Number of protein chains: 2
Amino acid sequence: MDLSDRKKRILTAVVEGYIATAEPVGSKHLAEQIGCSSATIRNEMSELTTMGYLEQPHTSAGRVPSPAGYRLYVNELMEKQKLTEAETAAINEKLARKDEQIEKLMAEVGQLTSSMTQYPAYALTMKPPVAVKRFDFIYVDQNTFIVVALLTDNMVKNKLIHLPFSVHQEQITTLSALFNANFTGVTDREITESIIRSTERAAGDTYGLVAVVASFTMECLAAARTAPVGIAGASRLLNQPEYRDPDKAHALMNFIADGSRLVDDLPPAGMGADGIRVTIGPENLAEELKDSSVVMASYDAGDGMRGYIGVVGPTRMDYSGVAAKLSYIAAGLSRLLAGTDAPAGLDNKLVLKESEHHEQEG
Amino acid sequence: MDLSDRKKRILTAVVEGYIATAEPVGSKHLAEQIGCSSATIRNEMSELTTMGYLEQPHTSAGRVPSPAGYRLYVNELMEKQKLTEAETAAINEKLARKDEQIEKLMAEVGQLTSSMTQYPAYALTMKPPVAVKRFDFIYVDQNTFIVVALLTDNMVKNKLIHLPFSVHQEQITTLSALFNANFTGVTDREITESIIRSTERAAGDTYGLVAVVASFTMECLAAARTAPVGIAGASRLLNQPEYRDPDKAHALMNFIADGSRLVDDLPPAGMGADGIRVTIGPENLAEELKDSSVVMASYDAGDGMRGYIGVVGPTRMDYSGVAAKLSYIAAGLSRLLAGTDAPAGLDNKLVLKESEHHEQEG
DNA sequence: ATTAGCACTCGGAAAGAAAGAGTGCTAGCA
DNA sequence: TGCTAGCACTCTTTCTTTCCGAGTGCTAAT
């Protein structure tokens, strides 16, 4: 199933031509590039079409790469592209101003990725699932107590609970013991209805409070696990001829705008060796992406966390350029967050190192 | 300049007809509604056109409201619309789950507003400008010190500064005195180049550090003043026939996506008596909005802060419905944030009152 | 003041014609 | 056997042309 060298060159030329122009490419135009007559090209293209690498929109149009054609191109044919000085400089400059809050950083990285690639982009950092390390209950008055939960990631969450009936100190103590016994060390997915039920049964006369505190716990854990995600440049889709149809564009933009759908799309196993994953058209799981491609890169976000940046576009995407840019940005983020070493081109002026800004109420 | 009753009815019918169908409305169709012949309507419409309330796309089309026509409609003709049970219920349910973080709350309110109105929407809360209350400088070692700034809103910001040369304890003390003298009590807009220059002159042998600390200060103040803004549903524009042209849609979506542009659009003086402001087509300052309308409502965000929710759409916008929905949501937000009283339909289960969740690193 | 009637004006849809790009195939050439 | 030149054919795109109808403005009658 190996292609002749010339077939490879032709396929490459078709893919790159189509990426550049969004028009089916014809034999005549290729003849110059390949260096043989258009008739020869036609023969070769005809074979590539029966092999499934090319497609014809209609009888008398040029050829367009099929998903399989793109796949072959991405896996074997495309050349790694280099970024220009200006591009690396722009990325470095943006990354140099790191933001203290992960949410804002993700938003900025999304913006950066989108503006560098000219496609809609997203950035997210996966947080590992957290559990509660310990609960403390503070008895305020007979109608009021505070729950304090210390999470495994050392975040502290609290909630003031005001009751329409009264409780005693001992009841709160019981509650505390119950929660520390049943609800610590478990992630939000592991908290099942049955655990809540059995805790309620064990709670005696405070069973009514179990649901309240349990739902607070769930909320905290879910919130702590939610990956911060930055999405940017969705409207850039409209620049692409394949999304000139407002309905198509709308459908995909809706999909993109919903961060949770993107998170579902993350690779379960891992990425390619180079840290880049390309998913082409029908390879995508989500129905909304069947006509689009996604290029994704992962980075090391420190503390054992992994992050992802990605770009959504037509199958006719500039895979090579996008992959190069994502690689570079991802590498920069890894350095920034995991602190492997100082980014190559970063502008280290007077301030050589800076702590994170901490915010707290005074 | 008062219109006859019949003219008002005709104008209203034209505006509402055009809002509903996006097609110019003709005399024939109106004749049924108004109850007189189409010829009469034509005469009246002709007058309304010379008065500037209606426009003709071309000689043989129906009439379309002019901006002045919309304005008159919004100010005097349109009836306050009531929300349906389902709508109020949906809003109440969404608002019941208030988020602890203002950024997330704004994002959610933006979503809510957009989904209720079917237009792109934004939500933001203005923070009052802050200043630094006091600076503290902590000398770590001869190459390192920490700046700590306590802001007027009681936030604390800090930065570890690592130097490529060495400083003495006394120099840091001098610096501290200088900054506490010159950079406290001023907002970021009041920090001018000349203040920085004169401080540098006064700084003696530590003049090199002034710029670093000053820029840190500016950063903190700017960050603290930045209004959290939630933008949602930009792609809904594509549902509107006037934005089927991808280029138009793109231009406006870009504008919307840039939150800072929206903030610029806020009313300097205040809103109408009902807390609603409608800006129609050319009334908008921003060039990108000249063909669009903005409906905005303000709410009380507590602590003397004001917030705004708004919707962007074609001039042919459902002003009445949108205004009603924004009013309702804004009122709900005022109650929620300023705590005037419990929202009418809110579901107050067991938990009657809850504190805000505080997050801090442990 | 209102209405019926009528000629007129455009924009938009439909239909037709011409242009152009690209193919597949056949036949000839190294 | 592999490549190339030539040619008839296909099919989309684009440009005209035509036609239709909705809606108007005006005039005359009620």
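Here a student and a tutor talk through a predicted model of two protein chains with two DNA strands, and why its parts are called what they are.

Student: Before we start, how do I read the names and values?

Tutor: Residues are numbered from 1 along each chain as its sequence is written, while chains are lettered from A and ligands numbered from 1 in the order in which they are written. Since the model is predicted, local features need pLDDT of at least 70 and side-chain atom pairs count only at pLDDT 80 or more, but totals for chains, interfaces and linings use all residues.

Student: What makes a residue part of the surface near DNA strand D?

Tutor: Its C-beta atom, placed from the backbone, has to lie within 6 Å of the strand. For DNA strand D, 19 residues surround it, and A:Cys36, A:Thr40, A:Ser60, B:Gly26 and B:Ser27 are the closest. Helix 3 of chain B gives the largest share, four residues. Helices here are DSSP runs of H or I with at least four residues, strands are E runs of at least two, and both are numbered from the N terminus.

Student: And which residues are closest to DNA strand C?

Tutor: A:Gly26, A:Ser27, B:Cys36, B:Thr40 and B:Ser60, out of 19 that surround it. There the largest share, four residues, comes from helix 3 of chain A.

Student: How do the residues near DNA strand C divide into nonpolar, polar and charged?

Tutor: Five are nonpolar, eleven polar and three charged. Ala, Val, Leu, Ile, Met, Phe, Trp, Tyr, Cys and Pro count as nonpolar, Asp, Glu, Lys and Arg as charged, and the others, Gly among them, as polar.

Student: Why is helix 1 of chain B called roughly perpendicular to helix 3 of chain B?

Tutor: Their axes come within 10 Å and cross at roughly 85 degrees. Angles of 65 to 115 degrees count as roughly perpendicular, under 35 as roughly parallel, over 145 as roughly antiparallel and the rest as oblique, so this pair is roughly perpendicular. The axes are lines fitted to C-alpha atoms, for helices over the stretch in contact, with angles from 0 to 180 degrees between N-to-C directions. The residues of this contact divide into five nonpolar, no polar and three charged.

Student: What makes strand 8 of chain B largely enclosed?

Tutor: Five of its five residues are buried, so the rest of the structure largely encloses it. Buried means 20 or more other C-beta atoms, placed from the backbone, within 10 Å of the residue's own; exposed means 12 or fewer, and partly exposed is in between. B:Ile276, B:Val278 and B:Ile280 point one way, B:Arg277 and B:Thr279 the other.

Student: Why do strand 7 and strand 8 of chain B count as edges?

Tutor: The sheet is open, with five strands in the order 7-3-10-9-8 and antiparallel pairing. Strand 7 and strand 8 each have a single partner strand, so one side of each is left without a neighbour in the sheet. The twist averages 15 degrees from one strand to the next.

Student: How do you know that strand 8 pairs with strand 9 in chain B?

Tutor: Two strands pair if DSSP finds at least two bridges between them, and five bridges join these two. B:Arg277 stands opposite B:Met296 in strand 9. Strand 9 and strand 10 of chain B are joined by nine bridges.

Student: Why is B:Ala22 called partly exposed?

Tutor: B:Ala22 has 13 other C-beta atoms within 10 Å, so it falls between the two cut-offs. Its phi is positive, about 65 degrees, although it is not a glycine.
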